[in-house]
Amino acid sequence: MNLADIATAVKSYHPNADLDIIWGAYIYSAKAHQNQHRRSGAAYISHPLEVAFNLTRLRMDEQTIAAGLLHDTIEDTLLTAEELRSFFGDEIYHLVEGVTKISQIQFSSKEESQAENYRKMILAMSEDIRVVLIKLADRAHNIKTLGSLSSGDQQRIARETLDIFVPIANRLGIGWMKDELEDGAFMYMMPDEHESIRVELASGQNLRESYVEKVRTILEKELVTSGITAKVVGRSKHLYGIHKKMEQQGIEFNDLYDLSGLRILTTSLKDCYSILGQVHSLWKPIPGRFKDYIAMPKPNLYQSLHTAVIGPEGERVEVQIRTEVMHRVCEEGIAAHWQYKEEGKLKNKSMVQQLTWVRHLLETHKELTNPKEFISSFKVDLFSNEVYVFTPEGRVVPLQRGSTPVDFAYAVHTDIGDHCSAVKINGKIVSLQYKLKNGDRVEIKTDKTQKPNRHWLTFVKTSKARSKILHFINSVEKEKSLSLGMAMLRKSLAEYKVDPSEILKGKFFNEVLRSSGFANLESLVRSIGLGKVSTHQLIVKLLPRGKIEEKERREADQVKLREKAPDLAGAASLKCFDDDIHLRVSKCCHPVPGDSIIGYVTRGRGVTVHRIDCRNLQSLGNEPERFVDVVWGDYAKAAHSVRISIIAEDKPGQLAEITRVLASCDINITLANICQGSDQRANFDFFIEVNDLQHLKQLFSEVAKVPGVIQVNRVEDNRVGENRE
């Protein structure tokens, strides 16, 4: 790195910069460090130059870059603070002095000293955020040159980097610096894991790049056809990010599916949502993986749309969509909002917002005199994308935001999670579904008779808790599922007037097993018992067509209309005149509890339940004997799929406002497609889950109140008919 490169970089984003200040700082720094060398043997001036260049990547002003060139002169040379002040003035002097004070902090010292050092860090950040940006630029270069230090120093600096400087870079939204600091620290903290992931990543790099390029080409062509201007680029996870995901989810490298993905950069907010619609129209989105950080930015001002889809060849693809301006903020964070000062005052609103956060830290923590409380409180605020709670002994436990006491219990120990029966939060008994908040003190009560159950899966947040619950349930239910599956299979075969013991053996049965993807009878029976496979799917392969048609004729002869009127007070479980008849909800009209319904006896697949006003029923009216009365039974609330269409004005934030209202009505979106219509209108097509008809009506009422919404309707898919089922 040389000064000419730095000067060129500064001019590229700040054409009116006073480069004489930077040249003067370089000459002063080179003279002060002229006889000094780094541990690696390189001339010491190479380090200030690298720090200054890192600051140009943050688009800093000339005063900050000059301070970066001078940041070690007070601490490591014979030149005095007074000389520095007289040569460069108060502003640059205070920046260098602030960096020097931070450099002298020993974060690994005992608790009382550590608390005071955190206070110094917060104070430096609150007085001038550029002090911490210089220190981050300094650490970003130092982390790359740890090879010449002792093993102990490497470990200490790497740990300090992960504990202190990475969270600060993340909180300030500087994406590239956070990634570089994490990867550099990871290499020295866990060299074996680092090398293992590096080798694994390199081995499949060509295949991943080839696949991403294929997807990128398809999407780029689609966007050009749609008249949307956008740049589509591949993106890869960095090494430490991969390690964290493997550790958090308890998975191996080969189980990761999102090592690479696509990032789409466009010019306008409206285009971001239009592109999202294009992506979802090309490939099926994965439920639960859509996040709108544009409407609801992260605390560090990060904005982007995130989604994941099933791309070509059935591979999962992660997609990020944002504007060029948003991308700058994602990479540069607070620095992207830097606006050169006029009369010493910052004009940019976003920069002021970040500085307010730093000053809030100082105000919040200045009254805390207990060192342990202060450190814990500081970390809770710093790691704002996670929730930090405490054990009864005061140990901090980091969890994913939205986690529950059950997540906490499994984070502490699997045995505590398995037998978690009750919980106290801050001394008060609460539900196991309680959403943990920063600073909560969590006390878990266990009971050996308590066991994990499937209901827990509906509210736990962390992958560790989910995997442990599933493992327990699967192991306990294995024998039960085998017994149930065999009983279901034998009963279904008996309905066709065949001997199960004769059918479930022999060469033909083994061929059917293999063609269905099962290794043996046990795996088939277990899948039936777990509800993964229906007996009908197997029977149509096992039995002659004549046997199946014979049973259908018997069923048709037995159909009787039920006289009982529909009971609309309950919902969820459907009831017919014969409890053994298989009932399923129609895919064309998606009836929900509260709808007036009727059943239609299909050929070999039980009874399909339709809304009484379903248009597909008109084509089935020539066989009235196949209609059967079906009613809603008593139930606990359950999710029922409904398709709705919303037409609204095509304007920024419209999708965000609609999805906010859906969330406020406790509606889960399982599929969303958005496209531009005519006359500056946008068409939103959602598959959602509701409890019953009343829940759906409440949703319609609330969505209709959203400014810009023109029409909201329930959609019936006329392409799905009985002849297709």
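**Entry 1: salt bridges**

I counted the salt bridges and arrived at 22. I note here that the model is a predicted one. From the salt bridges I looked up the pair Glu180 and Arg57, whose side chains meet at 3.2 Å, N to O. I then placed both partners: Glu180 belongs to helix H10 and Arg57 to helix H3 (residues 46–57), so this salt bridge ties together parts that lie 123 residues apart in sequence.

**Entry 2: helix H10 and its partner H11**

I stayed with helix H10, which spans residues 175–189, and examined how it packs with helix H11, residues 191–203. Their axes are 5 Å apart and form an angle of about 120°. That angle makes H10 oblique to H11. Next I asked which residues in H10 and H11 meet. On the H10 side I found Asp183, Phe186, Met187, Tyr188 and Met189; on the H11 side I found Pro191, Glu193, His194 and Ile197. I sorted the residues of this contact into 6 nonpolar, 1 polar and 2 charged.

**Entry 3: the cavity**

I searched the whole structure for cavities of 30 Å³ or more and found 1. I recorded a volume of about 130 Å³ for the largest cavity. Its lining consists of 15 residues, and those closest to the centre are Tyr273, Asp650, Lys651, Ala682 and Phe684. I also asked which helices and strands each supply at least two residues of this lining. They are helix H14 (269–282), helix H26 (654–664), strand E19 (668–676) and strand E20 (681–690). Finally, I divided the lining residues by character and obtained 7 nonpolar, 4 polar and 4 charged.

Note on methods. Residues numbered from 1 in each chain as written. Predicted model: local features only at pLDDT ≥ 70, side-chain atom pairs only at ≥ 80, totals over all residues. Heavy atoms only, no water. Axes fitted to C-alpha atoms, helices over the stretch in contact; angles between N-to-C directions. Helix = DSSP H or I, 4+ residues; strand = E, 2+ residues; numbered from the N terminus. Parallel < 35°, antiparallel > 145°, perpendicular 65-115°, else oblique. Contact = heavy atoms within 4.5 Å. Nonpolar A, V, L, I, M, F, W, Y, C, P; charged D, E, K, R; others polar. 1 Å grid on protein atoms, 1.4 Å probe; cavity = no way out; pocket = protein on both sides within 12 Å on 5 of 7 lines; lining within 4 Å. Points joined across faces, edges and corners; volume = space filled by probe spheres on them. Salt bridge = Lys/Arg side-chain N within 4 Å of Asp/Glu carboxyl O.
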